[in-house]
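Work through the exercises below with the sequence and the 3D view open. Try each task before reading its solution.

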Amino acid sequence: MHELSIMEAVRDQALEQAERHGGGLITAITLRIGSLAGVEIDALALAFEVVMAGTSAAAARLVIEPVAAECFCAGCQAPFPAQDGVCECPRCGAISRQLLRGRELQLASLELADPEPC
């Protein structure tokens with residue numbers, strides 16, 4: 001289950017960014033995940049609960065922003081949706097060699113609560 005290692009990396013990045021911005025609790029973590037990223041969302045959500053336990057993100061909610069796959073047709077000079085990872089242009093039938101989006105796996109944003117005053 002590589003989702004566990006993915007979420008461990010997300011946790012490390014999130015905690016580092018929260019510390020850079022004054023600490024406090026992380027209330028939400030938003031991930032941008034492409035449809036071709038090879039990530040099982042349910043497994044990722046389970047891993048999220050496990051790896052965030054005992055951290056300042058333990059009560060955070062996980063928000064997923066899905067990114068649909070899209071290719072670019074060199075012949076038509078236009079993008080098109082890559083349904084199910086198929087990169088055949090629906091207009092001319094050419095096979096695209098240029099994937100514009102769909103493999104994203106990014107920490108898009110964090111929501112932080114104000115840190116407790118000292």
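The exercises that follow deal with a sheet, a turn, cysteines and nonpolar cores.

The model is predicted, so local features need pLDDT of at least 70 and side-chain atom pairs count only at pLDDT 80 or more, while totals for chains, interfaces and linings use all residues. Residues are numbered from 1 along each chain as its sequence is written, and side-chain values use heavy atoms, with hydrogens and water left out.

**Exercise 1. Find the order of the strands in the open sheet of 3 strands, and say which stand at the edges.**

Step 1. Helices (H or I, at least four residues) and strands (E, at least two) are DSSP runs, numbered from the N terminus. Two strands pair if DSSP finds at least two bridges between them.

Step 2. The order is β4-β3-β5, and the pairing is antiparallel.

Step 3. β4 (78-81) and β5 (98-101) each have a single partner strand, so they stand at the edges and one side of each lacks a neighbour in the sheet.

Step 4. From one strand to the next the twist averages 40°; axes are lines fitted to C-alpha atoms, for helices over the stretch in contact, and angles run from 0 to 180 degrees between N-to-C directions.

**Exercise 2. Describe how β3 and β4 are joined, and which way the side chains of β4 point.**

Step 1. Strand β3 (residues 70-73) is linked to β4 by 4 bridges, and the two run antiparallel. Glu70 is found opposite Pro81 in β4.

Step 2. The two strands form a hairpin with 4 residues between them. In this turn, Gln77 has a positive phi of about 55° although it is not a glycine. Gln77 is exposed, with a relative accessible area of 54%. Here buried means under 20% relative accessible area, exposed over 50%, and partly exposed in between (1.4 Å probe, protein chains only).

Step 3. In a regular strand the side chains alternate between the two faces of the sheet. Along β4, Ala78 and Phe80 point to one face and are buried, whereas Pro79 and Pro81 point to the other and are not.

Step 4. For a further positive phi, look at Asp84 in the loop between β4 and β5. Its phi is near 55°, and Asp84 is not a glycine either. Asp84 is exposed, at 79% relative accessibility.

**Exercise 3. How many disulfides does the structure hold?**

Step 1. A disulfide is a pair of cysteine sulfur atoms within 2.5 Å.

Step 2. The closest cysteine sulfur to that of Cys76 is in Cys92, at 3.7 Å, which is too far for a bond. For Cys92 the closest is in Cys73, at 3.6 Å, again too far for a bond.

Step 3. The number is 0. As for accessibility, Cys76 is partly exposed at 29%, and Cys92 is partly exposed at 44%.

**Exercise 4. Which elements supply the largest nonpolar core?**

Step 1. A nonpolar core is a set of buried Ala, Val, Leu, Ile, Met, Phe, Trp, Tyr and Cys residues joined through side-chain atoms within 4.5 Å.

Step 2. This core has 17 residues, and Met7, Val10, Ile26, Ile29, Leu31, Leu44 and Met52 touch the most other members.

Step 3. α1, β1 (26-34) and α2 (41-52) each supply at least two residues of the core.

Step 4. A second, separate core of 7 residues includes Cys71, Ala82, Cys87 and Cys89.
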